[in-house]
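Work through the exercises below with the sequence and the model open. Try each task before reading its solution.

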Amino acid sequence: MKTKNKTKIDIKSAVSIYLIALFGYFPLAIMGYGNVSETKYTNFIVLTIAGLIFAVSLWLVDMGSYKSNVRFSERIKNVSITTWFFVGLVAVQLLSTVLCKYDTHNAWLGEGRSEGMLLMLLYAVVFLGVSAFGSFERLLILVLSAVLIIMNVIAFIQLCGVNVFGLYPGDSMYDKNYFLKFFSTIGNIDILAAFYCVAVPLVGVSFVVFKQNILEKLLILTAVVTSVYVVAEINVSAAMLSFAVVVPFALPILICRNRLPKTLVLVGSVLFGIALSFMTDRTLNESQKRFDLTFSIPTASIVLVALAVFFVAVGFLLNGRCSLPVKSTLIVGYAVTIVIVVAVLIWIWKFAPTDKTAPDLVREVAKLLRGEADEYSGTHRVAIWKCSLMVFAEHPILGTGAGAFKQAFSQIAGETYKAYSPLVVDSAHNEWLQIACSFGAMGLIAYLGWLGTLFVRACRKMSQNLCLIPLTVAFIGYVVQSLFSLSIVMTVPFLLAVAGLMNAECNKKLHS
């Protein structure tokens with residue numbers, strides 16, 4: 001029994017180091033936007049293979065020293081249904097790729113934004129490795145908070161019109177085609193927003209759920225405020241929808257027991273970040289190759305700052321003096337949430353404008369509720385989805401295989417899509433639909449089974465293991481935005497890591 005624990009601790013240490021590298025180094029790894037995809041692709045492969053070799057080496061050394069082995073028979077016996085769905089997904093991916101009928105060299109290595117089977121196998125290593133030996137640790141949150149602050153500072157300098165470190169695409173910073181579309185160290189604003197949908201809920205909810213010293217609190221809240229500012233500035237509809245789902249899901253859970261004071265402080269921090277975004281505005285002066293940046297303090301900012309101060313002050317006053325019962329708080333909280341959501345949707349349906357004066361998300365939701373959405377909605381996403389369904393209809397069982405979507409789309413639906421846009425389509429811009437097209441109905445069933453069972457198990461175990469609260473909220477944040485974005489190496493590893501940690505924590509018996 002002693003040697004078994006020794007082995008488990010060694011491999012767990014390797015996985016912890018890998019997670020710190022994934023969340024601490026990988027988001028910042030960039031050599032300029034001209035080759036951001038290649039840089040992330042290479043770094044992910046090197047990090048993951050190095051982590052795998054390190055973990056296996058520790059296991060082999062331990063075997064030689066203690067003449068013992070990890071009891072894989074016991075692990076297999078206790079494998080969760082979530083893991084079996086994931087293993088089934090990988091099996092379908094392999095079969096689909098081996099049987100791929102398209103003449104493409106991208107099936108294994110991928111190209112550009114196309115994910116080959118090599119990436120799929122490394123994704124499997126991340127999820128299965130973290131599931132088996134991972135643990136959600138406080139250091140991970142502190143590292144991620146520091147990374148977010150660095151990324152946000154870089155984004156803010158870029159938003160001020162300075163091409164810091166030469167990270168902006170070539171000399172195109174003042175090109176109208178790139179204006180406000182590339183920031184920080186992830187890629188374009190859609191990919192950056194996808195990362196924030198995981199990272200911001202993870203650090204923000206962790207602030208509420210766990211204890212920190214004063215410096216750690218300042219670090220996390222600084223990360224939250226600056227991240228909210230950047231998210232508001234880039235204004236990606238998929239991210240806005242993600243947070244619109246995450247907030248009402250998380251709030252009733254967060255205010256239970258003695259967590260209300262810190263929840264109020266977090267809400268105040270979010271409001272302050274939004275207030276900052278109202279204070280700055282920028283326009284492109286292309287003739288003079290510069291941004292015209294203006295600062296002001298509108299009424300909206302004053303109101304938001306006042307509310308932020310109020311929430312933070314009340315949070316401090318209630319600290320240690322408020323403990324809400326779980327069951328009744330959840331019932332009332334979700335009842336109120338449903339009423340508010342329904343009221344907002346009715347208002348959008350009846351009164352929200354659908355012209356450029358309305359926020360992008362509000363405009364798109366209003367058009368959808370009124371039945372006015374067309375193929376051009378969502379930056380041509382509706383057209384892409386309709387044409388992608390043609391690809392799925394052509395390969396309904398096992399799909400096109402890894403890395404073949406671009407070629408399959410061009411051959412099957414390319415001419416149809418030209419009626420809406422001349423641009424080349426290399427992704428379905430919906431991860432669920434991308435899975436269906438690439439790996440067929442069998443792949444989609446396994447994928448949804450993986451997501452669904454993981455979510456249900458996590459919700460059931462939240463009261464026993466508080467680590468599952470921030471992980472589940474981050475998981476939801478990614479899944480919601482994934483309905484409008486693409487699967488890509490710059491963001492998918494974070495989903496796999498969070499999902500792996502959820503799977504690992506679901507198997508623990510920690511009581512709050």
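The exercises cover salt bridges, one helix, a surface patch and two backbone angles.

This is a predicted model, in which local features need pLDDT of at least 70 and side-chain atom pairs count only at pLDDT 80 or more, while totals for chains, interfaces and linings use all residues. Residues are numbered from 1 along each chain as its sequence is written, and side-chain values use heavy atoms, with hydrogens and water left out.

**Exercise 1. Find the partner of R138 and place both residues.**

Step 1. Start with the principle: side chains of opposite charge can pair when their charged atoms come close.
Step 2. Apply the rule: a salt bridge needs a side-chain nitrogen of Lys or Arg within 4 Å of a carboxyl oxygen of Asp or Glu. Five salt bridges pass it.
Step 3. R138 pairs with E216, with 3.4 Å between the closest N and O atoms.
Step 4. R138 belongs to helix α7 (residues 138-159) and E216 to helix α9 (residues 214-234), so the bridge ties together parts 78 residues apart in sequence. Helices (H or I, at least four residues) and strands (E, at least two) are DSSP runs, numbered from the N terminus.
Step 5. Check the cover: buried means under 20% relative accessible area, exposed over 50%, and partly exposed in between (1.4 Å probe, protein chains only). R138 is exposed at 51%. E216 is buried at 10%.

**Exercise 2. Repeat the analysis for R282 and for E505.**

Step 1. R282 meets E233 in a salt bridge, at 2.4 Å from N to O.
Step 2. R282 sits in strand β3 (residues 280-285) and E233 in helix α9, so this pair links distant parts of the chain, 49 residues apart.
Step 3. R282 is buried at 7% relative accessible area. E233 is also buried, at 16%.
Step 4. E505 bridges to K508, and their closest N and O atoms are 3.3 Å apart.
Step 5. E505 is buried at 1%. K508 is partly exposed at 25%.

**Exercise 3. Compare the span of helix α18 with its expected span, then judge its cover.**

Step 1. Helix α18 runs over residues 468-482 and has 15 residues.
Step 2. The expected span is 1.5 Å times one less than the number of residues. For α18 this gives 21 Å.
Step 3. From first C-alpha to last, α18 reaches 21 Å, close to the expected value.
Step 4. α18 is mostly covered, with 15 of its 15 residues buried.

**Exercise 4. Which residues form the nonpolar patch on the surface?**

Step 1. Patches take residues with over 30% relative accessible area and no salt bridge; like charges are joined within 9 Å, and nonpolar side chains (Val, Leu, Ile, Met, Phe, Trp, Tyr) within 5 Å.
Step 2. The members are L94, L95, V98, L99, W108, L109 and L121, with about 630 Å² of accessible area together. Areas come from the Shrake-Rupley method with a 1.4 Å probe; for residues, only the protein chains shown count as cover.
Step 3. α4 (81-98) and α5 (106-109) each supply at least two residues. The largest share, three residues, comes from α4.
Step 4. W108 lies in α5 and is partly exposed at 41%.

**Exercise 5. Locate F165 and H429, and state the sign of phi in each.**

Step 1. Recall that most residues other than glycine have a negative phi.
Step 2. F165 has a positive phi, near 60°. F165 lies in the loop between α7 and β1 (182-183) and is exposed at 69%.
Step 3. H429 has a positive phi of about 55°. H429 is in the loop between α16 (405-417) and α17 (431-461) and is buried at 14%.
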